[in-house]
2 protein chains.
Amino acid sequence: MDTVLSSRSREVVVSIDRPFVIIGERINPTGRKVLAAEMKEGRMDRVRADAIAQVAAGAHMLDINAGIPMADEPALLVAAIRAVCEVTDAPVCIDSSIVEALEAGLSAYEGKALVNSVTAEEERMERILPLVKKHGAAVIGMANDETGISMVPEERLALARRIIQRAADHGIPQHDVIIDPIAMTVAADPLAGQITLATMKLIRDELGNNMTCGASNVSFGLPDRPTVNAAFLPVAMYAGLTCAITNPLIPEVRRGVLASDLLLGHDEYAMKWIRAHRAEQAEMSAKAGPAQ
Amino acid sequence: MDTVLSSRSREVVVSIDRPFVIIGERINPTGRKVLAAEMKEGRMDRVRADAIAQVAAGAHMLDINAGIPMADEPALLVAAIRAVCEVTDAPVCIDSSIVEALEAGLSAYEGKALVNSVTAEEERMERILPLVKKHGAAVIGMANDETGISMVPEERLALARRIIQRAADHGIPQHDVIIDPIAMTVAADPLAGQITLATMKLIRDELGNNMTCGASNVSFGLPDRPTVNAAFLPVAMYAGLTCAITNPLIPEVRRGVLASDLLLGHDEYAMKWIRAHRAEQAEMSAKAGPAQ
């Protein structure tokens, strides 16, 4: 099942038969005071720089979030989307919990965006899915509802099914719903990783939809998070994860994805792996300065 | 299914329900000229040091190989086993392609060893399995035969089944056969990783035996091998690999196994992960010298 996203000039295909798609997570003011302050004043230079850096580091798409308290989020989200589109042709993932911001972002975007996100909550589905349909976008469906997040994989599967069904009722094809099976921290619950992986396997086998997740959630509260994240991604990819909102600027994450593509048969003769390695070496040499 | 190995004073249990078992691979003269020269002269200081270092780095068992051309391999293997047992209580994996060396090693070893290895070749099975039975050992069964290594997972499964059946004919219980589904390099064949993982899944589902493999084979011929190996281990563990002959002295490998144990629910409240992280930090501080 292929999900095709696009900017004005570029297409990205998310599919179990293709290399993993990295959705850069950096353009998000949550926990980034300087970025938040600049965005709030309408200054988008850092947004542009983050877009360029993430694409250079291997992001295929860019998540854009403008969730700043007491700010005009719809206007800021539109400004951020426009800034990103000035400097890169990576398709975007429009990220907001405010429906009006999603609507403004979708109206401003020229291309087929990914909407982040809808849950199986009745009110959210009824407000967001019509927007997704109207703008011909795709949407991330999170496998939780009004009652919270179930720790039973079959229940998360049922919620994924409900979102897909409701999307179909609104005229959105199944391939335009990317399911988030929900990754939670293993520090709080030793079974959290297994539950997420079991959910992924169920969704892969029963529904076949593409899947994304906030992969770095698994390591929340732990030391050496990059290593935990880098171990989670290969397993999740094997279980059916086809894209993730994550940070390609972290070398462990970028390399973990490339190594997994290689191991899962999506990098013939290791061409991408070898090229990425050479690029890293060249960058290190450049930083070290000319040889004596 | 539990495989229990033991030294004189310590037991190690290999099981899908327990933390992953690392079998240290360093005591092997192949490609190690200095070690080979010393072993050939009967000097086992480096063998002892390698045993101590690997156990300190997290090895639960130690593979011992004394395959040196033109040397008395049975005698050297016995000497190496004795040297290892002087300095650690980690159970051993007796590694030789020469049946007489396996026999000498098994006779000298006090405990329940793992024999590395038997294949599905008729002659090998008929010579090695009686030895395994006689000494009450366990054995690694490699899923290849006289015709070579099949690239069809179902054929590897059939060979695993044949070894298990033949072992049973010799009175060796199923739980004392650890299957090696065979890992090959993805640089030569882009499907090699998937074939190995599919074989693991089949063996896990159809037979339930413990599995080991030479995990670093997957990265042969590639740059940045530790990262590829570190990505392979989590996926393989998820697919059913319960132990591996590998090098715990490589931080990526050691951390990859610990992170995977954590993600797969074998490290409650991340106790092991946090302890290992603190130990690494303490070691780094010690190396850096006293703070100014």
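## Buried or exposed?

A residue counts as buried when its relative accessible area is under 20% and as exposed when that area is over 50%, with partly exposed in between. Arg166(A) has a relative accessible area of 18%, so Arg166(A) is buried. Keep this cut-off in mind as you explore the structure, which is a predicted model.

## A salt bridge between two helices

Which residue does Arg166(A) meet in a salt bridge? The partner is Glu126(A), with N and O 3.0 Å apart. Arg166(A) belongs to helix H6 (residues 153-169) of chain A and Glu126(A) to helix H5 (residues 122-134) of chain A, so this pair ties together parts that are 40 residues apart in sequence. Unlike its buried partner, Glu126(A) is partly exposed, at 37% relative accessibility.

## Salt bridges within one helix

Over all chains, the structure holds 36 salt bridges. Some join residues of a single helix. Asp45(A) and Arg48(A) pair up with their closest N and O atoms 3.2 Å apart. They sit 3 residues apart in helix H2 (residues 45-56) of chain A, which means about one helical turn separates them. An α-helix has 3.6 residues a turn, so residues three or four places apart point the same way. Asp45(A) is exposed, at 53%, while Arg48(A) is partly exposed, at 22%. Together with Glu86(A), these two residues are linked in a network of salt bridges.

Helix H10 (residues 271-288) of chain A offers another example: Lys287(A) and Glu283(A) are 4 residues apart there, about one turn of the helix. Their closest N and O atoms are 3.8 Å apart. Lys287(A) is exposed, at 69%, and Glu283(A) is partly exposed, at 46%.

## A mostly covered helix

Now look at helix H8 (residues 225-239) of chain A. Its 15 residues should span 21 Å at 1.5 Å a residue, and its end C-alpha atoms are indeed 21 Å apart. How many of its residues are buried? The count is 12 of 15, including Phe232(A), Leu233(A) and Met237(A).

The buried residues of H8(A) pack against elements of both chains, among them helix H7 (192-206) of chain A and helix H8 (225-239) of chain B. After H8(A) comes Gly240(A), with a positive phi near 130°.

## The largest pocket

The largest pocket has a volume of about 920 Å³. Its lining of two or more residues per element comes from H7 and H8 of chain A and H7 and H8 of chain B, and H7(B) gives the largest share, 6 residues. Of the 40 lining residues, those nearest the centre include Tyr238(A), Lys201(B) and Tyr238(B). By class, the lining has 19 nonpolar, 9 polar and 12 charged residues.

Key. Residues numbered from 1 in each chain as written. Chains lettered and ligands numbered in written order. Predicted model: local features only at pLDDT ≥ 70, side-chain atom pairs only at ≥ 80, totals over all residues. Heavy atoms only, no water. Expected span 1.5 Å × (residues − 1). Buried < 20%, exposed > 50% of the residue type's maximum accessible area, 1.4 Å probe, protein only. Contact = heavy atoms within 4.5 Å. 1 Å grid on protein atoms, 1.4 Å probe; cavity = no way out; pocket = protein on both sides within 12 Å on 5 of 7 lines; lining within 4 Å. Points joined across faces, edges and corners; volume = space filled by probe spheres on them. Nonpolar A, V, L, I, M, F, W, Y, C, P; charged D, E, K, R; others polar. Salt bridge = Lys/Arg side-chain N within 4 Å of Asp/Glu carboxyl O.
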